[in-house]
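User: Please take a close look at a single part of this predicted model, beginning with one charged side chain and its surroundings, and then set that part in the context of the whole chain.

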Amino acid sequence: MATIIDGKAIAEKIRADLAAQVKELQARGITPGLATVLVGSDPASEVYVRMKGDACNKLGMHSVKITRPAETTEEELLALINELNSDPAIHGILVQLPLPPQINADRVLEAISPAKDVDGFHPYNVGRLVTGKPTFQPCTPYGVMVMLQEAGVDLAGKEVVVVGRSNIVGKPVALMCLQRNATVTICHSKTRDLPGRVRAADVVIAAVGVPEMIKGDWIKEGAVVIDVGVNRVGEKKLVGDVEFAAAAERASAITPVPGGVGPMTITMLLHNTLEAAKMAGSGNR
Ligand code: NDP
């Protein structure tokens, strides 16, 4: 039976450490500040933005929530980003995606100062990730890496199979595993024989968005399973991309959904915001 990698407990431990660091920084006159920008009123986005702001405040960080109507133009949003770029109280800027169709999300993400890009989506920071340089690492993949580390998984020489190739999860997590000397396979909707690929994996990272599509009997005995997927089934139930109970019988360690990767994402956002504030404080940006 697999060990459960408890994302909630790991996240709490990290947040306690971050809170202590925030205090130290405040003693030097710097309060880390995060601006969240929400355009429109998508209910799920509203919840995410609120959770991010609340998490900041709980740690003693400064947070500003900026909401704009759904009909906001790209020019208006770019002007807002410019203001935030030059606001010394703001160290991190997060634009909640998706944006309405009249706004080009790439243009907006590229307008964020790379020094305040705490989501790690700016092409400058993506380029640094690709080339293995220190950077703001995108929060969800970063959370996955921290969980693997906390679970004592050494990736060197391991076969890692990432299912999903999105820019926010699949691709960056694959690069991070490569950086830690794993042999990485990235699978997607056109991959032939997905079960065969997963069966060969020492570590499976699922970021698909299809409830329980990765079957328990695809998991190699003793493999480590990280389930990034969050899928709502029915009114209240959340499940991952992996058939949890059957996979847990074969895996050596597995993340649950909920309580796995989810709590790590905001934690790494807080971490990145703190780092951005430290860099601004040292004049190193
Ligand atoms: P995307 O929809 O952007 O990407 C999904 C990926 O899965 C694509 O690369 C797609 O392939 C691939 N895929 C879809 N169907 C199949 C299939 N049948 N077989 C193999 N591959 C398939 O999703 P995200 O990366 O944004 O998110 C993935 C999941 O992670 C979602 O459940 C999301 O809710 C969750 N998530 C959780 C977060 C957290 O904090 N815990 C944060 C972010 C996401 P192709 O490219 O060929 O279309």
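Analyst: In this predicted model, aspartate 117 is buried yet has no salt bridge. The nearest side chain of opposite charge is that of arginine 128, and it is 9.9 Å away. Since a salt bridge calls for a side-chain nitrogen of Lys or Arg within 4 Å of a carboxyl oxygen, this pair does not count as one because 9.9 Å exceeds that cut-off.

Aspartate 117 is placed in the loop between α4 (105–111) and α5 (123–130). What does its side chain reach in place of a charged partner? One polar contact, at 2.8 Å, is with the side chain of asparagine 125. The side chain of aspartate 117 also reaches the backbone nitrogen of phenylalanine 121, at 3.2 Å. Leaving aside residues up to four places away in sequence, aspartate 117 touches Ile112, His122, Asn125 and Phe136.

One of these neighbours, histidine 122, lies in the loop between α4 and α5 as well. Histidine 122 counts as buried, because its relative accessibility is 11%. Its side chain reaches the backbone oxygen of glutamate 110 at 3.0 Å, and a polar atom of that side chain lies 2.9 Å from the backbone nitrogen of tyrosine 124. With residues up to four places away again left out, histidine 122 touches Leu109, Glu110, Ile112, Pro114 and Asp117. Ile112 is thus listed among the contacts of aspartate 117 and among those of histidine 122.

The salt bridges of the chain provide a contrast with aspartate 117. Side chains of opposite charge can pair when their charged atoms come close. The count for this model comes to five salt bridges. One of them joins lysine 13 to glutamate 150, with the closest N and O atoms 2.7 Å apart. Lysine 13 lies in helix α1 and glutamate 150 in helix α6, so this pair ties together parts that are 137 residues apart in sequence. Both ends are partly exposed, lysine 13 at 49% relative accessibility and glutamate 150 at 39%.

Another salt bridge is formed by arginine 107 and glutamate 74, at 2.6 Å from N to O. Arginine 107 is in helix α4 and glutamate 74 in helix α3 (residues 74–85), and the pair links parts of the chain 33 residues apart. Here arginine 107 is partly exposed at 47% relative accessibility, whereas glutamate 74 counts as buried at 8%. Glutamate 74 is therefore a buried acidic residue that has a salt bridge, while aspartate 117 is buried and has none.

A further salt bridge joins aspartate 217 and arginine 199, at 3.9 Å from N to O. This pair links aspartate 217, in the loop between β7 and β8, with arginine 199 in helix α8 (residues 194–199), 18 residues apart. Aspartate 217 is partly exposed at 47% relative accessibility, and arginine 199 is partly exposed at 41%.

The wider setting is given by the domains and the nonpolar core. The domain assignment gives domain 1 (29–113) and domain 2 (139–262), and 29 Å separate their centres, taken over C-alpha atoms. In soluble globular proteins, nonpolar side chains tend to be buried together. The largest nonpolar core of this model has 50 residues, of which Leu148, Leu155, Ile205 and Ile226 touch the most other members. Elements that give two or more residues to this core include α1 (7–27), α6 (139–150), β7 (203–206) and α10 (262–281). The largest share, eight residues, comes from α10. The core draws at least three residues from each of domain 1 and domain 2.

Leucine 155 leads from this core to one local backbone feature. Among the residues it touches are Met145, Leu148, Cys177 and Asn181. Asparagine 181 is found in the loop between α7 and β6 (183–187), and its phi is near 70 degrees, a positive value in a residue other than glycine. Most residues other than glycine have a negative phi, and most peptide bonds are trans. Asparagine 181 counts as exposed, because its relative accessibility is 54%.

Two cis peptide bonds may be noted in closing. One runs from leucine 97 to proline 98, with omega near 0 degrees, and proline 98 is in the loop between β4 (92–95) and α4. Another runs from valine 257 to proline 258, with omega near -5 degrees, and proline 258 lies in the loop between β11 (253–254) and α10.

Methods
Residues are numbered from 1 along each chain as its sequence is written. This is a predicted model: local features need pLDDT of at least 70, side-chain atom pairs count only at pLDDT 80 or more; totals for chains, interfaces and linings use all residues. Side-chain values use heavy atoms; hydrogens and water are left out. Helices (H or I, at least four residues) and strands (E, at least two) are DSSP runs, numbered from the N terminus. Buried means under 20% relative accessible area, exposed over 50%, partly exposed in between (1.4 Å probe, protein chains only). Lys and Arg count as positive and Asp and Glu as negative; His and the chain ends are not counted. A polar contact is a pair of N or O atoms within 3.5 Å; within protein, one must be able to donate a hydrogen and the other to accept it, and residues adjacent in sequence count only if both atoms are side-chain atoms. Contact means heavy atoms within 4.5 Å. A nonpolar core is a set of buried Ala, Val, Leu, Ile, Met, Phe, Trp, Tyr and Cys residues joined through side-chain atoms within 4.5 Å. Domain bounds come from an automatic or database domain assignment.
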